[in-house]
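Me: I have a structure open and would like to know what the usual descriptive words rest on. Please take them one at a time.

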Amino acid sequence: MSETLSAKAARRIALAAQGFAEPRPTEAGRRHLLKTVARLGLLQIDSVNVVSRTHYLPLFSRLGAYPRQLLEAVAWGPKPDLFEYWMHEASLAPHALQPLMRWRMEDAAEGVGVWKGVARFLRSHEDFIDRALDEIARRGPISASELEIGAKGAGGWWGWSEGKRALECLFWTGQLTTATRRGTFERVYGLPDKIHPKAVREAPTPDRASAQRQLIRIAARAQGVATEPDLRDYFRMPPADSKARLAELVEAGELTPVKVEGWDRPAYLDPEARRPRKIEARALLSPFDNLIWFRERTERIFGMRLRLEIYTPAHKRTHGYYVLPFLEGEALTARVDLKAERKAGVLVVQAAHAEPDASPETAPALAAELRLMAGWLGLSDVRVEPKGDLAPALSHALDR
């Protein structure tokens with residue numbers, strides 16, 4: 001008989017797995033940062049910088065006002081602890097995951113599934129690809145704008161130049177990797193043999209099934225309790241592969257089937273998942289935070305229908321352009337549309353909306369977190385615009 005978990009218990013397990021059952025450190029350092037990334041498995045990268053680029057935010061949510069340069073050092077410094085690849089979208093992850101992604105690099109090279117266009121481009125531009133690799137071998141890491149071959153004007157694929165398309169295809173197939181980022185977050189490409197640590201370069205390549213089982217284990221540990229689509233989405237695994245690997249892990253006793261009250265799908269529990277009796281968290285969450293990036297799971301666990309409205313015309317937006325939900329205790333109690341006005345030194349709350357679980361304590365708790373975020377971003381003030389049902393109470397709390 002499968003164990004049955006209450007919806008509250010499942011929510012607490014999920015929050016604990018994501019690091020929200022522990023108090024923030026008094027002073028977060030490199031060890032805290034790397035431990036958090038290892039717990040999460042990976043950080044999604046996104047270039048939108050209206051508040052902060054998203055990969056900085058999950059660490060702030062869990063660690064508080066850590067030094068932002070720490071992430072830059074471990075991701076893009078001379079001896080990085082993290083590497084970039086297409087895992088859950090573009091992502092940063094510990095080097096130990098690189099061998100586990102080689103099956104995806106092979107899929108990209110062979111044109112399997114969604115990677116057909118990549119393989120087609122590589123086959124149709126063999127001479128150009130060889131010249132690009134030769135240039136990087138000769139010059140060292142370069143950005144697409146520094147590549148001395150290929151058309152510089154806008155081309156296909158998001159308006160990329162021919163050189164950018166070539167370097168991205170080589171990145172997806174693992175023939176190039178990110179050496180660093182510079183300027184306006186421009187990727188600098190280098191040869192893996194010159195970038196990855198020796199231990200990574202020499203690590204054996206696991207077979208596809210073994211690598212995928214390990215990725216499902218990481219996803220299960222990071223989510224605590226999850227459905228098959230939850231686990232699949234974490235590393236964007238093909239459905240057939242995910243279902244096969246999950247069945248193998250259940251048969252091996254490494255994941256435990258459970259029922260969760262109110263969930264319409266079977267769930268799977270990490271046997272080592274913590275089961276706290278209470279969660280006392282307080283955090284603003286990036287819309288790309290690991291806890292909430294899979295919208296179906298967010299709605300199932302928290303009852304919040306979360307939609308990214310960046311590409312929605314302004315007059316049609318419900319909650320705003322770049323909306324961060326507010327985690328208060330065990331619930332998402334509010335959401336705020338934020339913008340960092342860096343020249344003015346102000347964190348602007350362009351709209352603030354309460355959720356059904358909001359209480360009289362929500363506005364003061366949210367105000368404290370907004371002040372912490374403003375200071376972390378190097379901003380001196382928080383300003384609330386009069387939009388949204390929570391705006392008056394939030395403005396009052398910030399004035400106290």
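Reply: Start with Gln44, which lies in strand β2, residues 43-44. Keep in mind that this is a predicted model.

Me: Why is Gln44 called buried?

Reply: The relative accessibility of Gln44 is 8%. Buried means under 20%, so Gln44 counts as buried.

Me: Which residues is Gln44 in contact with, leaving aside its neighbours within four places in sequence?

Reply: Gln44 is in contact with Thr54, His55, His88, Glu89, Ala90, Ser91, Phe288 and Trp293. Contact here requires heavy atoms within 4.5 Å.

Me: What makes a set of residues a nonpolar core?

Reply: The members must be buried residues of the nonpolar kinds Ala, Val, Leu, Ile, Met, Phe, Trp, Tyr and Cys, joined through side-chain atoms within 4.5 Å. The largest such core in this model has 104 residues, and Leu71, Met373 and Leu394 have the most contacts inside it. Helix α15, residues 362-376, gives the largest share of this core, with 8 residues. A second, separate core has 25 residues, including Val225, Ala267, Ala273 and Ala281.

Me: What does Leu71 touch, not counting residues up to four places away in sequence?

Reply: Leu71 touches Leu33, Leu43, His55, Tyr56, Leu59, Tyr66, Trp76, Leu82 and Leu92.

Me: Why are α1 and α14 called oblique to each other?

Reply: Helix α1 (residues 7-17) and helix α14 (residues 295-302) pack at an angle of about 130°, and their axes are 9 Å apart. Roughly perpendicular ends at 115 degrees and roughly antiparallel applies over 145. The angle of about 130° fits neither range, and α1 and α14 are therefore oblique.

Me: Which residues make that contact, and of what class are they?

Reply: From α1 come Arg11, Ala14 and Leu15, and from α14 come Arg297, Ile301 and Phe302. By class, the contact has 4 nonpolar, no polar and 2 charged residues.

Me: How many helices and strands does the chain have?

Reply: The chain has 16 helices and 15 strands.

Me: How do you know that the chain is as compact as a globular protein of its length?

Reply: The radius of gyration is 22 Å, and the globule rule gives 21 Å for 400 residues. The two values are close, so the chain is as compact as a globular protein of that length. Along its principal axes the C-alpha trace spans about 65 × 60 × 40 Å.

Me: How much of the chain is buried?

Reply: Buried residues make up 56% of the 400 residues.

Note on methods. Residues are numbered from 1 along each chain as its sequence is written. This is a predicted model: local features need pLDDT of at least 70, side-chain atom pairs count only at pLDDT 80 or more; totals for chains, interfaces and linings use all residues. Side-chain values use heavy atoms; hydrogens and water are left out. Helices (H or I, at least four residues) and strands (E, at least two) are DSSP runs, numbered from the N terminus. Buried means under 20% relative accessible area, exposed over 50%, partly exposed in between (1.4 Å probe, protein chains only). Axes are lines fitted to C-alpha atoms, for helices over the stretch in contact, and angles run from 0 to 180 degrees between N-to-C directions. Angles under 35 degrees count as roughly parallel, over 145 as roughly antiparallel, 65 to 115 as roughly perpendicular and the rest as oblique. Ala, Val, Leu, Ile, Met, Phe, Trp, Tyr, Cys and Pro count as nonpolar, Asp, Glu, Lys and Arg as charged, and the others, Gly among them, as polar. The radius of gyration is taken over C-alpha atoms; the globule rule is 2.2 Å times the number of residues to the power 0.38.
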